[in-house]
Amino acid sequence: MASTTDTERPSHALSGERRVNEWQVGAVGLLIAVAAFLFSLFGSYGGDVTGVLTVGDEWTGIQRHAEQELGQEIHTREGLGHDGAFFFLQALDPLYLEPEDHAAEIFRPVYRAQRMAYPMLAGAGGLTPAPWLPWTMVLTNILAFGLGTAGTARLSRRMGGSPWWGLAFALNVGVLFELDISGAGVLAFAAAIWGTVALEEEEPRRAIPWFVLAVLAREVMFLYLAGVLLLRWWRTGKLPLALGFWPALVAGLWAVYIRLRLDPGDGVQEFGIPLKGFIGAIPSWTDRPVDLVIVIALIVVMGGLFVRSIRTPTFIGWGALGFVLLAVLLSRQVWWRFFDITRATAPVVTAYILVAFAAAPQHDEHEPADGPAPEVASG
């Protein structure tokens with residue numbers, strides 16, 4: 001399928017490009033991220049930046065360890081904390097050179113260690129002084145937020161829409177929640193977006209490092225990559241081996257390394273029998289109408305994404321379909337609150353907006369079904 005050219009794009013998209021480019025939209029996304037951080041800093045953390053570590057007051061071991069490393073008391077949240085606490089511990093020693101120290105406080109250390117890109121960047125490979133880490137964690141995610149917004153704007157333009165649809169990344173509630181808890185989802189999705197841009201621009205080699213970064217930030221991005229690979233094969237008739245090989249190789253080597261450094265412990269607990277988690281969570285939504293409304297809306301969006309991705313195949317649409325499959329397998333603890341399920345399936349919302357509103361109608365230019373069989377290629 002040929003990519004959309006400037007002459008094929010709707011006039012509104014062209015006029016939008018004259019007014020604004022993707023980096024300007026990315027700057028708006030950056031400002032949204034800064035505003036969200038400042039809102040949390042002064043609204044929830046009382047001006048204490050250690051609140052970004054999202055340590056829960058029930059995690060007394062992590063709290064003591066963090067306070068020892070930072071040399072001060074930290075701001076804690078009620079109950080259980082969130083991912084930022086574990087990423088802080090990982091950033092102290094992202095290569096696990098002393099696994100008996102910081103990693104000893106991490107719940108399910110191997111599972112969390114697989115997500116190494118965000119703490120590696122925030123911790124500069126372990127060189128960032130501990131007192132700086134709350135700030136570098138925030139900075140890393142804010143920059144990733146702006147980068148993801150700019151990439152989505154560029155992708156929208158390539159698909160025939162206005163660059164302003166790039167705000168589908170910045171205003172995605174799941175991405176905003178990831179920013180709030182200092183999670184790795186912002187970086188993972190931003191990297192996947194830029195990998196997608198490279199493919200839309202017919203530069204698959206340039207896409208490889210972006211997808212390596214995406215899967216190292218969040219291993220579930222392999223689902224996104226799988227959808228992208230399938231569409232690439234369908235469009236070109238060639239299986240893009242290199243595009244799948246290098247992310248799998250790098251993530252696999254890292255998986256071997258961390259299992260040599262850490263006690264495996266408990267594995268993944270977020271997946272289960274299809275739809276069991278969803279059905280089990282239904283009774284809990286009756287007492288929380290906000291959760292019920294958002295979950296219903298998310299299900300509608302998933303269905304809409306599936307239909308539109310079949311009618312108008314795009315890399316972001318097919319990539320995000322992997323998260324629809326993921327949603328079917330997620331456990332009750334993920335479906336229980338909209339806070340968690342919107343983070344777990346964040347690419348679905350952004351993809352739906354682009355496919356529904358930015359994608360120009362495309363026509364199938366493939367050979368008929370009885371044409372040549374797909375070839376296998378390295379790129």
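**Entry 1: Arg 108**

I looked up the burial of Arg 108 in this predicted model, and at 5% relative accessibility the residue counts as buried, because the cut-off for buried is under 20% relative accessible area. I placed Arg 108 in the loop between helix H4 (83–92) and helix H5 (109–113). I then read its backbone angle and found a positive phi of about 55 degrees, although Arg 108 is not a glycine. I noted this angle because most residues other than glycine have a negative phi.

**Entry 2: Leu 275**

I went on to Leu 275, another residue other than glycine with a positive phi, here near 70 degrees. I found Leu 275 in the loop between helix H13 (241–261) and helix H14 (276–285). Is Leu 275 buried or partly exposed? With a relative accessible area of 43%, Leu 275 is partly exposed, since that value falls between the 20% limit for buried and the 50% limit for exposed.

**Entry 3: Leu 329 and Lys 276**

I looked at a pair of residues that are 53 apart along the chain, Leu 329 and Lys 276, and I recorded 7.7 Å between their C-alpha atoms. Leu 329 belongs to helix H16, and I have it down as partly exposed, with a relative accessible area of 29%.

**Entry 4: Thr 314**

I located Thr 314 in the loop between helix H15 (289–311) and helix H16 (315–329), where at 1% relative accessibility it counts as buried. What does the side chain of Thr 314 reach at 3.1 Å? I found that it reaches the backbone nitrogen of Gly 317. I also listed the residues in contact with Thr 314, leaving aside its neighbours within four places in sequence, and these are Met 159, Leu 231, Arg 235, Val 355 and Ala 359.

**Entry 5: the nonpolar patch**

I turned to the surface and noted a nonpolar patch formed by Leu 30, Val 34, Leu 38, Phe 42, Leu 139 and Leu 143, which together have about 530 Å² of accessible area. Helix H2 (22–43) and helix H7 (133–159) each supply at least two residues of this patch, and the largest share, 4 residues, comes from H2. I checked Leu 38 separately: this residue lies in helix H2 and is partly exposed, with a relative accessible area of 39%, a value that fits the patch criterion of over 30%.

**Entry 6: aromatic pairs**

I searched the whole structure for aromatic pairs and came away with 18. For the rings of Trp 23 and Trp 194, I recorded centres 5.6 Å apart and planes at 15 degrees, so the pair is stacked. Trp 23 lies in helix H2 and Trp 194 in helix H10 (residues 185–200), so this pair ties together parts that are 171 residues apart in sequence. I compared the burial of the two partners and found Trp 23 partly exposed, with a relative accessible area of 47%, whereas Trp 194 is buried at 5%.

I then took up Phe 145 and Phe 169, whose rings have their centres 5.9 Å apart and their planes at 75 degrees, so the pair is edge-to-face. This pair links distant parts of the chain, with Phe 145 in helix H7 and Phe 169 in helix H8 (residues 167–170), 24 residues apart. Phe 145 counts as buried at 0% relative accessibility, and Phe 169 is buried with a relative accessible area of 0%.

Which residues form one aromatic cluster with Trp 23? I found Trp 194 and Trp 210 in that cluster.

**Entry 7: the protein as a whole**

I closed with totals for the protein, which has 19 helices and 4 strands. Of its 379 residues, 55% count as buried. I looked up the exposed area as well, which comes to about 16700 Å², with carbon and sulfur atoms supplying 64% of it. Among contacts between residues at least 6 apart in sequence, I noted that 75% join residues at least 24 apart.

Key
Residues numbered from 1 in each chain as written. Predicted model: local features only at pLDDT ≥ 70, side-chain atom pairs only at ≥ 80, totals over all residues. Heavy atoms only, no water. Buried < 20%, exposed > 50% of the residue type's maximum accessible area, 1.4 Å probe, protein only. Polar contact = N/O pair within 3.5 Å; in protein donor to acceptor, adjacent residues only side chain to side chain. Contact = heavy atoms within 4.5 Å. Patch = residues over 30% accessible without salt bridge, like charges linked within 9 Å, V, L, I, M, F, W, Y side chains within 5 Å. Areas by Shrake-Rupley, 256 points an atom, 1.4 Å probe, with all protein chains shown as cover. Salt bridge = Lys/Arg side-chain N within 4 Å of Asp/Glu carboxyl O. Phe/Tyr/Trp six-rings, centres within 6.5 Å; stacked < 30°, edge-to-face > 60°.
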